[in-house]
Amino acid sequence: MLGASSTQEAATLRAAREGSSVVAKSLDTHEWNGKVLLTTFATEKYLPSLVHWLASAEAFMKQSTVISIRVYLGNDVSE
């Protein structure tokens, strides 16, 4: 219930969040040697988010041949 004071409020916030989608139109990028490198890091717990990120990054790769992607993977930290 992070950000909510009741289960009902949490469900309402989740429904509002899932009902809206954000599409990135552009990224702030920096070029080095004329190439752009998109990087991210994920652990097993966040692999679904990584898949979403990769789909977004792939859309940018289709627009430009000078974009590369690098993904770093790590272990989950036990609580």
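A residue is called buried when its relative accessible area is under 20%, exposed when that area is over 50%, and partly exposed in between. The exercises below use these words for a predicted model.

**Exercise 1. Classify Leu-54, Val-71, Leu-50 and Lys-45 as buried, partly exposed or exposed, and say where each one is found**.

Solution. Begin with Leu-54, which lies in helix 2; its relative accessibility is 32%, so Leu-54 counts as partly exposed. Next take Val-71, whose place is in strand 2; here too the relative accessibility is 32%, and Val-71 therefore counts as partly exposed. Leu-50, like Leu-54, is found in helix 2, but Leu-50 has a relative accessibility of 10% and so counts as buried. Finally, Lys-45 is found in the loop between strand 1 and helix 2, and with a relative accessible area of 54% Lys-45 is exposed.

**Exercise 2. Describe the order of helices and strands in the protein chain, and say what share of its residues is buried**.

Solution. First count the elements: the protein chain has two helices and two strands. Then read along the sequence, where these elements follow the pattern α-β-α-β. For the share, take the 79 residues of the protein chain, of which buried residues make up 11%. As for the surface, the accessible area of the protein chain comes to about 7,000 Å², and 54% of that area belongs to carbon and sulfur atoms.

**Exercise 3. Compare the span of helix 2 with the expected one, and work out how its buried and exposed residues are arranged**.

Solution. Helix 2 runs over residues 47-63, which makes 17 residues, and from its first C-alpha to its last it reaches 25 Å, close to the 24 Å expected at 1.5 Å a residue. Now list the buried residues of this helix, which are Leu-50, Ala-57 and Phe-60. When one looks down the axis of helix 2, these buried residues fall within an arc of 75°, and so they line one face of the helix. The face turned away from the buried side carries the exposed residues Pro-48, Val-51, His-52 and Lys-62. As a last step, ask what covers the buried residues: the cover includes strand 1 (36-43) and strand 2 (67-74).

**Exercise 4. Find which residues Leu-50 and Leu-54 touch, leaving out residues up to four places away in sequence**.

Solution. With those neighbours left out, Leu-50 touches Thr-40, Ala-42, Val-71 and Leu-73. One of these partners, Thr-40, is ten residues from Leu-50 along the chain, and their C-alpha atoms are separated by 8.2 Å. Leu-54, counted in the same way, touches Ile-69 and Val-71. Between Leu-54 and Val-71 there are 17 positions in sequence and 9.2 Å in space, C-alpha to C-alpha.

**Exercise 5. Name the residues of the nonpolar patch on the surface, and trace the elements that supply them**.

Solution. The patch is formed by Leu-47, Leu-54, Val-71 and Leu-73, which together have about 310 Å² of accessible area. The elements that give two or more residues to this patch are helix 2 and strand 2.

**Exercise 6. State what part of the contacts in the protein chain joins residues 24 or more positions apart, and give the spacing of Lys-45 and Asp-76**.

Solution. Consider the contacts with a separation of 6 or more; residues 24 or more positions apart account for 58% of them. Then turn to Lys-45 and Asp-76, which are 31 residues apart in sequence, while their C-alpha atoms are 6.6 Å apart in space.

Notes:
Residues numbered from 1 in each chain as written. Predicted model: local features only at pLDDT ≥ 70, side-chain atom pairs only at ≥ 80, totals over all residues. Heavy atoms only, no water. Helix = DSSP H or I, 4+ residues; strand = E, 2+ residues; numbered from the N terminus. Expected span 1.5 Å × (residues − 1). Buried < 20%, exposed > 50% of the residue type's maximum accessible area, 1.4 Å probe, protein only. Arc of directions from axis to C-beta. Contact = heavy atoms within 4.5 Å. Areas by Shrake-Rupley, 256 points an atom, 1.4 Å probe, with all protein chains shown as cover. Patch = residues over 30% accessible without salt bridge, like charges linked within 9 Å, V, L, I, M, F, W, Y side chains within 5 Å. Salt bridge = Lys/Arg side-chain N within 4 Å of Asp/Glu carboxyl O.
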